[in-house]
Each structure stands twice: as C-alpha cells, then as structure tokens.
Amino acid sequence: MSLVTAAPPPVNVDQIFPEIDMSTDDSSTIVRATVVQASTVFYDTPATLDKAEKLLAEAAADHGSQLVVFPEAFIGGYPRGSSFELAIGARTAKGRDDFRKYHAAAIDVPGPEVERLAEMAKKYKVFLVMGVIEREGYTLYCTVLFFDSQGQFLGKHRKLMPTALERCIWGFGDGSTIPVFDTPIGKIGAAICWENRMPSLRTAMYAKGIEIYCAPTADARETWLASMTHIALEGGCFVLSANQFCRRRDYPPPPDYMFSGSEDSLTPDSVVCAGGSSIISPLGIVLAGPNYEGEGLISADLDLGDIARAKFDFDVVGHYARPEVFSLNIKEHPRKAVNFTSVKVTKDESIKN
C-alpha cells in the first residue's frame with residue numbers, strides 16, 4: 001500500500017508530531033508531509049471513513065507524517081464517468097435516483113463525520129486536509145476540510161468553479177471560503193482540481209501568505225504535473241497534489257453505476273483514474289511522485305527555508321508585483337440566496353400592537 005519516494009527521517013514513535021518553534025530560523029524547520037492516493041468506497045461513507053483512518057494510521061506510524069492530504073471528494077466520492085442521465089431539457093428517473101444515492105453519501109458540515117475526522121487528526125497527531133462532498137440541504141458542494149493535530153476543525157474551502165458536468169451536480173463556492181490557516185507547521189490552504197488554473201484565485205491565496213498549497217484533484221493526466229510545478233514556482237510555496245487511483249471495480253457494477261460512453265470497453269481491472277499525486281518544492285523540484293502505479297502514500301520532507309530561497313527569486317505579491325498597474329479585489333462575504341432581516345420588538349411595542 002505504501003509508496004515512499006523520499007526517505008523519511010528517524011521517527012520518535014512516542015511523539016509523531018514534535019512541537020515546532022516557528023520563531024527559529026525557518027531553514028532548520030522540516031515538515032513531514034504525505035499525500036494519499038487511494039479510492040473512495042463509493043456510496044459507502046462509513047467504509048470510506050474506516051479506510052481514511054487506516055491510511056492516516058499508516059501515514060503517521062510508517063511515514064512519520066505531520067500533514068496528510070487526501071484527494072478531491074474522497075469522502076462522498078467523485079462521480080467519475082457518470083452522466084446522471086442528463087440532457088438539455090431532460091432528466092430520467094434513474095438519473096434522479098443516482099443523485100438521491102449520491103446525496104445520501106455526502107456529509108453535513110458540521111456533522112458526525114466531521115467530528116470523526118477531527119478525532120482521527122487528534123488520535124494520530126496530524127494536520128489533516130480532507131476532500132469531501134458537503135451536503136447543505138439538497139445542494140452539494142465539493143469541499144476541502146482542514147483539521148489541526150489537536151483535533152480542532154479549522155474550517156473549509158468550497159470549490160468556486162465546478163468543471164463541465166460537475167456544475168449540474170455541485171453548487172458553487174464563494175469568497176467566504178478561501179482560507180489560509182496559520183498553523184505551527186506553516187500557512188496552509190487549498191484549491192480543488194481545475195480551479196487551480198484560475199489566476200485570480202491563486203493570487204488571492206498568495207496574498208494571504210500561503211506556504212503549503214494543497215491541491216486535491218481528479219485530473220490524472222501527465223499535464224497536471226506541469227500545472228502543479230508552475231504554481232509552486234509562481235507562489236514560492238510547496239504544492240501537495242492528491243488524486244485518487246481507481247479501477248472500474250472501485251465503483252458499483254452496472255447497471256447500478258454506468259460509465260457513460262465507455263462502459264462496454266471497461267473490465268473490472270480497467271484503470272479509470274491513474275492518480276499522478278505529487279509533492280513539489282517552491283523551487284519547482286519534484287520531491288515525490290508522480291505515482292501512476294496504484295494506491296499509495298507519497299511522502300516528502302518540506303524544508304520551509306526553501307520558501308524564502310524561492311521568494312528571493314520571485315515574490316508574486318511582493319517585490320515582483322506592480323500594484324500601480326494591476327489590482328485585484330476579493331469579495332469575501334457569503335453570497336446567500338435568501339437573507340432574513342428581523343426587527344427586535346420591545347415588550348411595550350408588542351402590547352401596543
């Protein structure tokens with residue numbers, strides 16, 4: 001199950017997450033990071049949570065991980081190949097039922113699944129970045145959740161721009177969930193899959209000082225590595241990209257679940273997502289991965305001193321910026337479809353009425 005492409009340092013098993021004094025010289029600060037490349041147990045959220053805990057335990061015990069990043073939609077599942085039988089101006093009974101099952105596999109934030117993930121982070125003493133399908137009423141969002149090593153839920157990022165048919169299944173995030181969290185192991189944030197290709201979103205995260213840029217994805221093409229390397233160089237940050245590795249058998253069999261347009265050509269062993277997870281330094285060096293071979297844990301040491309070394313060359317929102325020429329405004333307030341305004345009525349006014 002385990003694939004390590006960078007040798008781990010000696011691990012004190014009694015203290016997997018050592019305390020880090022961020023006031024010291026960053027050049028001596030090393031963070032052990034792991035990206036998980038594994039498949040969801042589709043339509044079975046409890047089993048997926050069990051699998052996540054097993055992977056976290058392995059990352060902590062065998063890799064000495066302090067930070068663990070999971071793929072896009074790991075909890076809830078990425079509905080690869082499914083069309084939900086959508087056509088312009090038409091729906092089907094099966095497509096509606098496919099959505100019902102997918103909705104049932106999603107999680108509420110906050111909710112019991114979030115509490116369990118927090119318990120895992122605390123148990124294994126890791127900072128945890130987890131891709132989920134979030135359910136708010138009957139709208140779903142592709143979301144990333146953040147937890148610290150004490151089991152505290154830090155917050156979430158909702159995908160701003162779903163891609164292609166995803167837009168018919170998932171809602172759109174807004175500027176209120178583009179966080180960068182200042183933690184003892186660095187400033188951590190995330191962008192999901194192709195929203196990583198949105199320059200304005202990246203710039204917003206750079207301006208918030210992101211140092212460990214997490215990129216859960218569903219893109220397994222070889223070109224993805226070029227995008228991740230560019231972001232590392234552009235932002236002067238570490239980039240941790242986690243993708244699922246899936247075979248056809250990791251999804252329900254037909255006719256319960258259909259890969260639109262390709263089902264007839266697939267066998268249970270056919271690879272439907274080849275992974276490609278990787279870790280890249282601020283200097284554009286591939287520290288670990290990409291892995292296209294199977295499920296595994298991809299780990300590397302992050303020397304936080306490399307951030308300053310990279311920023312010496314290029315600081316995209318600092319000495320390499322031209323604010324007198326270019327500007328960017330970020331609207332961070334939540335965008336709600338309905339807002340209620342209530343007026344407080346005093347006891348005297350109530351009697352008068």
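**Figure 1. Strands S1 and S2 within the open sheet of the predicted model.** In this predicted model, strand S1, which covers residues 30–37, pairs with S2 in the parallel sense, and 3 bridges join the two. One residue pair to look for in this view is Val35 with its bridge partner in S2, Val69. Both strands belong to an open sheet of 6 strands with mixed pairing, in which the order is S5-S4-S3-S2-S1-S14. The edges are occupied by strand S5 (153–158) and strand S14 (296–303), each of which has a single partner strand, so that one side of each is left without a neighbour in the sheet. On average, and with direction ignored, neighbouring strands of this sheet are turned by 30° against each other. Helix H3 packs on the sheet, where it touches strand S3 (127–136), strand S4 (139–147) and S5, and the direction of H3 makes about 20° with that of S4.

**Figure 2. The salt bridge between Glu53 and Arg116.** Glu53 and Arg116 form a salt bridge in which the closest N and O atoms are 3.1 Å apart. Since Glu53 lies in helix H1 (residues 45–63) and Arg116 in helix H3 (residues 112–124), the pair ties together parts that are 63 residues apart in sequence. The two partners fall into separate classes of accessibility: Glu53 counts as buried, at 17% relative accessibility, whereas Arg116, at 23%, counts as partly exposed. The structure as a whole holds 23 salt bridges.

**Figure 3. Two further salt bridges, Arg221 with Asp219 and Glu263 with Arg248.** The side chains of Arg221 and Asp219 meet in a salt bridge, with 3.0 Å from N to O. Within this pair, Asp219 is buried, with a relative accessible area of 7%, while Arg221 counts as partly exposed at 45% relative accessibility. In the second pair, Glu263 forms a salt bridge with Arg248, and the closest N and O atoms are 3.1 Å apart. This pair links distant parts of the chain, 15 residues apart, with Glu263 and Arg248 each placed in the loop between strand S10 (245–247) and strand S11 (271–274). Glu263 is buried, with a relative accessible area of 12%, and Arg248 is also buried, with a relative accessible area of 4%. Elsewhere, salt bridges that share partners join Asp50, Glu53, Arg116 and Lys123 into one network.

**Figure 4. The surroundings of Arg80, a buried residue without a salt bridge.** Arg80 lies in the loop between strand S2 (67–69) and helix H2 (93–105). Although Arg80 is buried, it has no salt bridge, and the nearest side chain of opposite charge, that of Glu72, is 6.7 Å away. For a salt bridge, a side-chain nitrogen of Lys or Arg has to be within 4 Å of a carboxyl oxygen of Asp or Glu. A polar atom of the Arg80 side chain does, however, lie 2.8 Å from the backbone oxygen of Ala218. When residues up to four places away in sequence are not counted, Arg80 touches Ala218, Tyr251, Tyr257, Phe259, Val272 and Cys273.

**Figure 5. Strand S12 between its partners S9 and S13.** Strand S12 (residues 277–280) is covered on both faces, with Ser277 and Ile279 buried on one side and Ser278 and Ile280 buried on the other. S12 pairs with S9 in the antiparallel sense over 3 bridges, and in this pairing Leu240 has Ile279 of S12 as its bridge partner. S12 is also joined to strand S13 (residues 286–291) by 3 bridges, and these two strands run antiparallel; here the bridge partner of Ser277 is Asn291 in S13. S12 and S13 form a hairpin with 5 residues between them, and Gly284, in the turn, has a positive phi of about 85°.

**Figure 6. The buried residues of helix H6 and the elements they pack against.** In helix H6, which spans residues 305–313, the buried residues are Gly305, Asp306, Ile307, Ala310 and Lys311. These buried residues of H6 pack against helix H5 (223–235), strand S9 (238–243) and S14. For orientation in the whole model, the protein chain has 7 helices and 14 strands, and buried residues make up 52% of its 353 residues. Of the contacts in the protein chain with a separation of 6 or more, 71% are accounted for by residues 24 or more positions apart.

Note on methods
Residues numbered from 1 in each chain as written. Predicted model: local features only at pLDDT ≥ 70, side-chain atom pairs only at ≥ 80, totals over all residues. Heavy atoms only, no water. Helix = DSSP H or I, 4+ residues; strand = E, 2+ residues; numbered from the N terminus. Buried < 20%, exposed > 50% of the residue type's maximum accessible area, 1.4 Å probe, protein only. Lys, Arg positive; Asp, Glu negative; His and termini not counted. Polar contact = N/O pair within 3.5 Å; in protein donor to acceptor, adjacent residues only side chain to side chain. Contact = heavy atoms within 4.5 Å. Pairing = 2+ DSSP bridges. Axes fitted to C-alpha atoms, helices over the stretch in contact; angles between N-to-C directions.
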